[in-house]
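Good morning. Please look at the structure on the screen while I go through it.

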Amino acid sequence: MQLRNDALLLLLVLVGLCSVVFCEQHLEATGVISGFQFGSTLLVDWFIGKSGDSAPKAEPTTMKIFAAGFGRTGTVSLAAALEQLGHRVMHGPIPCTDNSDVIDDYYERRISGPQMLEALAERGYNATGFDLFSWMYEDALFLPETK
């Protein structure tokens, strides 16, 4: 039974990957985007376990921006805009998997919310919240430089 479940999971991942690649190719062919491989690259890297291996280590910073928003309300667009402005944004699957130790510590109550946000800042992230941690807005109030 386990082999059947593993095969089904693999099939679902491959279908998802094909869908993402098709969408990217369509958007590039229609001129909406150019040279964009965000989704398929992230999905392949996550699937083969390469998440974040080639990314340069960021300098420690302080948390500057906490965006409290629900999913499907423009959080991806806001994250992209903040990245273009030079912020290192904690949003999406790769930053979460790369920092799962800190997130696990928070969920297992070994560290507080402000301590988790400070730990992410020590790893170079200076913007977070969005739909991932928007419910932590009260914890962000404890960080003096966070807006």
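**Contacts, burial and one helix**

I start with contacts: in this protein, of those between residues at least 6 apart in sequence, 69% join residues at least 24 apart. Please keep in mind that this is a predicted model.

Now the overall layout. The protein has eight helices and two strands. Reading from the N terminus, the order is α-α-β-α-α-α-α-β-α-α. The chain has 147 residues, and 31% of them count as buried. The exposed surface comes to about 9900 Å², with 60% of it supplied by carbon and sulfur atoms.

The rest of this talk is about helix α6. How many of the 10 residues of α6 are buried? Seven are, so to speak of the helix, residues 113-122, as mostly covered is fair, because buried here means under 20% relative accessible area. The buried ones are Gly 113, Pro 114, Met 116, Leu 117, Ala 119, Leu 120 and Ala 121.

What covers these buried residues of α6? The cover includes both β1 (65-68) and β2 (127-129), along with the helices α5 (100-107), α7 (130-133) and α8 (137-140).

Take α5 from that list. It packs against α6 at an angle of about 175 degrees, and the two axes are 9 Å apart. An angle over 145 degrees counts as roughly antiparallel, so that is how α5 lies to α6. On the α5 side, the contact is made by Val 102, Ile 103 and Tyr 106; α6 contributes Gly 113, Met 116, Ala 119 and Leu 120. Of these contact residues, six are nonpolar, one is polar and none is charged.

Last, what follows α6? Gly 124 does, with a positive phi near 100 degrees.

Definitions and conventions
Residues numbered from 1 in each chain as written. Predicted model: local features only at pLDDT ≥ 70, side-chain atom pairs only at ≥ 80, totals over all residues. Heavy atoms only, no water. Helix = DSSP H or I, 4+ residues; strand = E, 2+ residues; numbered from the N terminus. Buried < 20%, exposed > 50% of the residue type's maximum accessible area, 1.4 Å probe, protein only. Contact = heavy atoms within 4.5 Å. Areas by Shrake-Rupley, 256 points an atom, 1.4 Å probe, with all protein chains shown as cover. Axes fitted to C-alpha atoms, helices over the stretch in contact; angles between N-to-C directions. Parallel < 35°, antiparallel > 145°, perpendicular 65-115°, else oblique. Nonpolar A, V, L, I, M, F, W, Y, C, P; charged D, E, K, R; others polar.
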